[in-house]
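Student: Hey, got a minute to go through this one with me? I'd like to start with the domains.

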Amino acid sequence: MKTKSAIYLPISITVVIIIFAFALMIGRYPITISDFFNSIFTNNNNYNVQRSIIVTLRWPRTLMALLVGMGLSVSGLLYQETFRNKLVSPDLLGVSAGASVGASIAIVLGLGSVIISMFSFVLGLITVFITVVIAKLFKDGSSTILLLSGVIVSGFMSSVLAFIKYFADPETTLASITYWEMGTFQRALMNEVYILITVIGVCVLVLLSISWRINLVALGREDAQTKGINYNFYRLLIIVISTLLTAISVCFCGKVSWVGLVIPHIVRLLVGRNTKKTIPLCLTFGGGFMIICDIISRTFTDSELPISAVTGLIGTVVFISILFSKRRELNEH
Amino acid sequence: MNIKMRNLSFKYNYRSNTDIIDDFSLVIEKGTINVLLGLNGSGKTTLLKLLTGLEKPQKGTIQYGDKNLEEIGIKDRSKIFSYVPQHSNVTGDILISDYLSFGMTNRLEFYQSPKEEHFILVRQMAERLSVTHLLDKKIGEISGGERQIILITSALIQNTPIIILDEPTSSLDIKNQNVVLSLLKEIINEGKTIIFSSHNPNHALFLDANVILMHEGQLKATGPSIELIRVERLKEVYGDAICLSEDLDYKEISFKNN
């Protein structure tokens, strides 16, 4: 069991690297392996077109897909462990609903894509802050109150979004809002990727350093605290990191559903319930899965498919097949 | 070191008029085994939670040696008290060897996880309690009795001078109750202080324990079980529902005291 789970990480890292390389070659303009190496590792001017496609189009969007997949998967895992509920996804405390409202306000106001991202990020964080403040008003430290507060605030934000959509111009802004809500990596820029790398990198480093302790937080306050963990501090830290990861992920590419829910389940089915193993695997599985979804979204049709539509389809197929192959262990989950 | 509780009062709801723990004072001596007896709702679990620091008293103080418990941080407190809750929240999909290693938490820095040497300690303790065959199983795969033993093993791995258990026998059959009580008897020989709550006065007699009799959040009586567990005394708390087995018109089955 132990040796088996130790193998998954190096294998999945190798697979992600291979998928990443393929993502740079596959697309509406296919690039062969020899062209790929010539355009990347030589200065030959005959490969300028390929080089330009790889460097300016595919490299930033594939990197962004990788990072967003990592961020959303690990954030979903953290929420599921902290709230001890496997049906929870990273937008539980309202971060996605808030981000959608932020983005749609910026779209309606006709602001540029940088401002849309900023509005979305800030409103995502503000929404979670409101959720936490409302939960605090009850003077009850339980996770149930926090979850309930998240549902209420998310519901409120969805209503605000509905109002904005109702008043938006159906020809232009409404279409943009709807498109944002389904997610895309089409407009990925390297500047955005640098921001993502910094934020996700720092969050992941903190998470990896406390990855074993998250197991204890998942046991609940009584067990965690009597075994020597400052439960309230760690729970808050995990919520802050998960919220940051989700907000920064969705602000550049729009709402991406399913990944945060499905990848943690798949990883847990493979290696069991130990965050020291599941966190690194969520990073590799989530990143790889998202790159595959991005390849599919941009390759098979003339216009790009929204990323959430692809994640839903592929996620369902992968999830059902893994559930089926692991059905004996399901009773324990 | 002794534990001194002085005029403890506690209620969960600030607006409530009645205290769950009401002006409770008691000294628990080092190296003794103490059984908390009392009706449902008499405050047994709450008192245990106050001792572990899971709840803070609104009035009064708890001292461990010459230190006030509120001044001791969470990590240091976990080096003094280990706690086996009545309903542990541990979920069925956790590997038992992983769960037992959680008992090492207070010996590790925040960025560390248990190493091979820690798992050797886990294995040694599991061998002592004859549960090595369970190490590679998941919590959900073992019986209620085995689960209770695993929770106690985890507390022993935590290696604290005081072990607090909330109704450790409540969900167990008579054989497993005997296993758990015998285990507690064995632990007491190591000089550890044990405090646990129970609904069965016979447990206190079986262990020759010190009894802490609680009623409506107050200390009703305390003393050696042999002196305190008497029908007329227990009737003050449990009412007429209690009688000596020799007054029954059938022979009662009980534990065998080895």
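Tutor: Sure. In chain B, the centres of domain 1 and domain 2, taken over C-alpha atoms, are separated by 25 Å. Keep in mind that this is a predicted model.

Student: OK, and where do domain 1 and domain 2 of chain B run in the sequence?

Tutor: The assignment gives domain 1 of chain B as 1-80 + 161-258, and domain 2 as 88-159.

Student: How many residues of each are in contact?

Tutor: On the domain 1 side of chain B there are 12 residues, and they meet 8 residues of domain 2. Helix α6 (residues 174-188) of chain B gives the largest share of the domain 1 side, with 4 residues. By type, that domain 1 side divides into 6 nonpolar, 3 polar and 3 charged residues.

Student: Switching to the sheet in chain B: what's the strand order?

Tutor: β2-β1-β4-β5 in chain B, an open sheet of 4 strands with antiparallel pairing. β2 (21-28) and β5 (67-68) of chain B are at the edges; each has a single partner strand, so one side of each has no neighbour in the sheet.

Student: And how many bridges join β1 to β4 in chain B?

Tutor: 5 bridges, between residues 3-10 and residues 59-64 of chain B. Lys4(B), for instance, has Gln63(B) in β4(B) as its bridge partner.

Student: Last thing, how many residues does each chain bring to the A–B contact?

Tutor: Chain A brings 23 residues and chain B brings 28. On the chain A side, α9 (213-217) and α10 (221-226) are the elements giving two or more residues. The largest share there, 4 residues, is from α10(A). That side of chain A has 6 nonpolar, 10 polar and 7 charged residues.

Key:
Residues are numbered from 1 along each chain as its sequence is written. Chains are lettered from A and ligands numbered from 1 in the order in which they are written. This is a predicted model: local features need pLDDT of at least 70, side-chain atom pairs count only at pLDDT 80 or more; totals for chains, interfaces and linings use all residues. Two residues are in contact if their C-beta atoms, placed from the backbone, lie within 7 Å. Ala, Val, Leu, Ile, Met, Phe, Trp, Tyr, Cys and Pro count as nonpolar, Asp, Glu, Lys and Arg as charged, and the others, Gly among them, as polar. Two strands pair if DSSP finds at least two bridges between them. Domain bounds come from an automatic or database domain assignment.
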